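Subject: Structure handover

Hi,

Here is the structure I promised to pass on. Have a look at it first, then read my notes underneath.

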Amino acid sequence: MIGGSVETLLQQFATFMWGTPLIVLLVGGGLFFVIYSRGLPYRHLGHGLAILTGRYDQSSAQGTLNHFQALSTALSGTLGLGNISGVALAITAGGPGAVFWMWVTAVVGIATKFFTATAAVMYRGRDSAGELQGGPMYVIREGLGARWLWLAFVFAFAGLCGTQPIFQINELVNLLRTSVAYPLNLASDGSHFLFDLVVGILAALVIFAIISGQLQRVGKVTARIVPTMVLVYLVMTGGVLISHASAIPEAFSLIFHDAFSATAVAGGALGTVIKVGVSRGAFSNEAGIGTESMAHGAARTNEPVREGLVAMVGPIIDTLLVCTCTALAILVTGVWQLGQDDGVLLTAGAFSATYGSWGPILLTMMVIFLSLSTILTFWYYGSKCLGFLIGAQHQHHYVWIYCVFIVIGAVASLTALFNFLIGMYAVMAIPTMVSALLLSPRIMRRAREYFAQQKLNKS
């Protein structure tokens, strides 16, 4: 009875936090950035891509990661199960129209990321160990001053809670159990604890081996893994779309029609479609959430605007490209109408429709890398939040706590905790968006100065 009450309470907490006020803050705030900047980030997308080539890297500048590594680290946190499981769940809960509102979140998220990532470098601060750090908590402390410091602690606490690895490892174990353990008789419905435990321990060991090298190693690993994951996944979904090419126009028509339908196909009221689409979109590309600002804040540059231009590429890759491919694969194969409520297995069904028994195997391999890369980056986010809360000299202990949570997440069924994590993700958006909105005049002033200098350099 008590457990059920707690689960209900946490579900209500997540629903409340992802309600209309937060949607207004994320989408409305993003629209403000678009209008206030007069579309500046979109007009300089080409320059952002040029920065990623390394042409503007500054080896003597402050920071830890080059621009490409910073984007790869941020993307490794966003390119995860949200792109596979989250998109499927969005279609299940809100109908195909939810995809349209994911796109809206991504389009305005481009401007949001420009502002939040630029601020993350403009207002870097020293932690208690004297190391230069970036992220919304330092933006608030350095940019807004002591009066707003409480908001920095709100973000750090929510970030520590929201970036736990439980969802990623639990979904990974679930897929491995279905696609590997059961077919090979390594586990059965009633006795899969040992299999889950072994997977959890192996995952914890892999993560520990990488994070023992701190952020530099994380950046190098993600810079290799992320581009490969994106390319492989696009090829996989491309095969599905090519084999169902005739159904693609109908899928787009369904998305646009359902997005504005008073009675959406699967989601009921139009408000439900919008809420589901925006929440899943924000959860996927993290525009306005603030976690990715910690990665971009570690960029090795003395020009904050450059990292802002790099960061805005994230929603394009994550949501407009990868999530769209997942959504179309699910829609053109028709698996979304089968009543499957497990996001990963729903997407696996779309691949099975094209690749047969190889479909789940290919998806499983992709999920392994996506999950582990997200878990890897979430450790970095959580450790920085903990360091802000209790002192950077103590944050090295977090690696042990984090690895324990990986194992726990692998063996436990923690539905209530999932709602808590999703709710805390929403909490993170409040300090991030409020600080970016308050600092937007200073950010735009810096941007105008940067592009004026760029124009002089070309003349």
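Below is what I found, starting with the whole chain and then going region by region.

First, a caveat: this is a predicted model. The protein chain has 21 helices and four strands. Of its 459 residues, 59% are buried. If you take the contacts with a separation of 6 or more, 84% of them are between residues 24 or more positions apart.

**The α8/α9 pair**

I'd start with helix α8, which covers residues 136-144. Its neighbour here is helix α9, residues 149-162. The two axes come within 8 Å and cross at roughly 175°. Angles over 145 degrees count as roughly antiparallel, so α8 is roughly antiparallel to α9. On the α8 side the contact uses Pro136, Met137, Ile140 and Arg141, and these meet Leu149, Leu151, Ala152 and Phe155 of α9. Sorted by class, the residues of this contact are seven nonpolar, no polar and one charged.

How much of α8 is buried? Seven of its nine residues are, so the helix is largely enclosed by the rest of the structure. The buried ones are Pro136, Met137, Tyr138, Val139, Ile140, Gly143 and Leu144. Three residues turn up both in that list and in the contact with α9: Pro136, Met137 and Ile140. Just after α8 comes Gly145, which has a positive phi of about 90°.

**Helix α16**

For α16 (residues 304-311), the count is eight buried residues of eight, so this helix too is largely enclosed by the rest of the structure. The buried set includes the charged residues Arg306 and Glu307. The others in the set are Pro304, Val305, Gly308, Leu309, Val310 and Ala311.

**Cavities**

The structure holds four cavities of 30 Å³ or more. I looked at the second largest, which has a volume of about 50 Å³. Its lining is made of Leu79, Asn83, Ile84, Met229, Val230, Tyr233, Val322, Met366 and Leu370. Which helices supply at least two residues each to this lining? They are α6 (81-94), α12 (214-243) and α19 (358-390). Helix α12 gives the most, with three residues. By class, the lining of this cavity has eight nonpolar residues, one polar and no charged ones.

**Two single residues**

Phe33 sits in helix α2, residues 20-36. Its relative accessible area is 0%, so Phe33 counts as buried. Leaving out residues up to four places away in sequence, Phe33 touches Ala111, Thr112, Phe115, Met433, Ala436, Leu437 and Ser440. Its C-alpha atom is also 9.4 Å from that of Ile110, which lies 77 residues away along the chain.

The other one is Asp196, in helix α11 (residues 193-211). Is this residue buried or exposed? Buried: Asp196 has a relative accessibility of 2%, and the cut-off for buried is under 20%. With residues up to four places away in sequence again left out, Asp196 touches Val173, Arg177, Ala410 and Val411.

That's everything from my side for now.

Cheers

Methods
Residues numbered from 1 in each chain as written. Predicted model: local features only at pLDDT ≥ 70, side-chain atom pairs only at ≥ 80, totals over all residues. Heavy atoms only, no water. Axes fitted to C-alpha atoms, helices over the stretch in contact; angles between N-to-C directions. Parallel < 35°, antiparallel > 145°, perpendicular 65-115°, else oblique. Contact = heavy atoms within 4.5 Å. 1 Å grid on protein atoms, 1.4 Å probe; cavity = no way out; pocket = protein on both sides within 12 Å on 5 of 7 lines; lining within 4 Å. Points joined across faces, edges and corners; volume = space filled by probe spheres on them. Buried < 20%, exposed > 50% of the residue type's maximum accessible area, 1.4 Å probe, protein only.
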